Amino acid sequence: MPARSARPVRPAQPVRSARSQAGPRTAAVVAAALAAGLLTAGSADADSDAAPVRIHDIQGTTRLSPLAGQQVSEVEGIVTGVRAYGSRGFWFQDPNPDADPATSEGIFVYTGSAPTVQVGDAVRVSGTVTEYVPGGKGSGNQSLTQITRPTITVVSSGNELPAAHVIRGWKVPYRYAPAGDPADGNSINGLALRPRSYALDYYESLEGMNVAVGDSRVVGASNRYHELWVTVKPWENPTWRGGTRYGSYTSQNGGRLKIQQLAPVSQHPFPTADVGDRLTGRTEGPLDFNGYGGYTLTARTLPVVEQRGLERERTRPQDEDELAIASYNVENLDPKDPQEKFDALAAAVVENLASPDILALEEIQDDSGPTDDGTVSDGETLRKFTAAIEAAGGPSYEWRSIAPEDKTDGGQPGGNIRVAFLYNPQRVSFTDRPGGDATTGTEVVKRRGRAALTLSPGRIDPQNAAWEDSRKPLAGEFSFRGRTVFVIANHFGSKGGDESLNSHHQPPVRSSEEQRLQQAQVVNGFVKDLLAVQRKADVVVLGDINDFEFSATAKALTDGGVLETAITSLPRAERYSYVYQGNSQVLDQILTSPSIDDYSYDSVHINAEFAEQNSDHDPQVLRFEP
């Protein structure tokens, strides 16, 4: 799943400037500002030498300020928002805008400590213009233009705020972002803003300004970071349950907007909302940019959440002659988790997944959980989970797994996550072929004219470099009504390190994709080996693939027609298993060999769309008659 680390607190004195980040282009815009008389040659050294400028002069017509690294003096405006936690500071805005739609009239002032100004204060601000990159230069994030090391004079208080710019769906361009400049590393930083042509340019032209949205549908549920996502384009790639679907690299969904609040949650609890709920009324505040979602409306007050009662789905039970195989990422499950988590996950297996015959689990941790003590066994984790399932009215599942070597498979430090099989022995049998361990791979052989595994369960090519610091796939032989079914459980490498959709590189750099592509090629090769021995072998590949159904990873898995991505059998509006920054998308997949040509598929939406989650992934279920 996409990685998210603890939010960093800005250093007390940020010193990053666009000059150090964007090379010759920034030097060019600074030179242009000098030529235009907006600043003097000595303005970097003394406040007294800096010519008074307006906020729109600071913001300029690109993403980087022409005054970056320079001193500005007596910049006037009215305070529109104050943030006394996290990145402390305030926004202020010029009440007398220019006529250029590309230049923002608002800007953030970073104070480093709790600001002393109030909303409605008319102020004059002197300080240094900087370009702050949330997450650092290596993140690929766009920068936030701001004033640092400020000297602030309050001229008057209680002033009327500049009228909010109302963000409406028809104002946000259909095209998401311009193509980056190849001469500048595919960056869009130096390109002139075209707010009527591109969604990212439109939002950038409003950076720091007082903005508002009206009644809006929630497309990303509220979370522990006290934020949610709405869309101002309800017609944009909607799912049947109220979300916005990410169905290709060019359907980024520019109508999505992140909502946070300025008031500390200790004073004003953040509302709870699920996908499909609505924010009714007006949400208004400064438009910020941060490293976890980009453009963010930081609301002074939040409207009421109108709940639409989204329900958790239940798949149908399999028929007597149908084999039901499911995949479920249980999000770092270990014996130290509260019993409530085990019970909730177990209830989902029984009630929402209808007790599948075979269940591939991802993110099973070792018996000591995140405690880094060398433990790699998982017997207690799986015993506790299967007991909870039985207590919930489900079958008495048995399990098969292979423990990894300590600290070799990635995930939460100390947890040693791995994939595992649960199966219902009343419905299916498991063919045990001993000898499998963390470093010994299973192979395909012919027995009695049919394909078989040398080790079952067995890992697939576990010493291949493709699996470095990542989970190794687990293959097992099952039998249902006399028919052998090969099941391969996977948890491919995470998307950690990929740039966001709103990166200053366009298209964004997806550096993590290379490893998943290699992993997909290994699994695809193993399936080809099975089908070379037995052309009509029933093979199911499933798990948290950590990539989209349209990705190069998916194409590599299906190379040669040996597998089909089953989720593509669903209507497009149903194809998702995860919600990330307001985009409903596919990460979890089940793929089938050609012999499984008649099946029923269900992406069971029980987690990803909800504020209250037992996991951040939705499980997947496949039913077919072998």
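In which strand does E363 lie? In this predicted model, E363 belongs to strand β16, which covers residues 358-364, and the legends below return to this residue after a view of the whole chain.

**View 1. The whole protein, drawn as a trace of its helices and strands.** The secondary structure of the protein comes to 8 helices and 31 strands. With a radius of gyration of 27 Å, close to the 25 Å that the globule rule gives for 626 residues, the protein is as compact as a globular protein of that length. Its C-alpha trace spans about 90 × 45 × 45 Å along the principal axes, and 60% of the 626 residues count as buried. When contacts between residues at least 6 apart in sequence are considered, 71% of them join residues at least 24 apart.

**View 2. The largest nonpolar core, with Y203 shown among its neighbours.** This core holds 33 residues, of which I167, Y203 and L257 touch the most other members. The elements that each supply at least two residues of the core include helix α4 (199-204) and strands β10 (256-261) and β12 (283-290), and the largest share, 4 residues, comes from α4. Leaving aside residues up to four places away in sequence, Y203 touches nine-residue surroundings that can be traced one by one in the view, among them I167, V172, L257, L287 and Y295.

**View 3. A second nonpolar core.** Apart from the largest core lies another one, made of 28 residues, and A360, F421, L542 and Y601 are among them.

**View 4. Two cis peptide bonds that lead into prolines.** Most peptide bonds are trans. The bond from S456 to P457, however, is cis, with omega near 5°, and P457 lies in the loop between β21 (450-453) and β22 (458-459). A cis peptide bond also joins Q506 and P507, where omega is about 5°, and P507 is placed in the loop between β24 (483-491) and α7 (513-533).

**View 5. E363 and D469, two residues with a positive phi.** Most residues other than glycine have a negative phi. E363 is not a glycine, yet its phi is positive, at about 65°, and D469, which is not a glycine either, has a positive phi of about 55°. Their settings can be read separately: E363 lies in strand β16 and is buried, with a relative accessible area of 4%, whereas D469 is found in the loop between β22 and β23 (474-480) and is exposed, with a relative accessible area of 51%.

Notes: Residues numbered from 1 in each chain as written. Predicted model: local features only at pLDDT ≥ 70, side-chain atom pairs only at ≥ 80, totals over all residues. Heavy atoms only, no water. Rg over C-alpha atoms; globule rule 2.2 N^0.38 Å. Buried < 20%, exposed > 50% of the residue type's maximum accessible area, 1.4 Å probe, protein only. Contact = heavy atoms within 4.5 Å. Core = buried A, V, L, I, M, F, W, Y, C linked by side-chain atoms within 4.5 Å.
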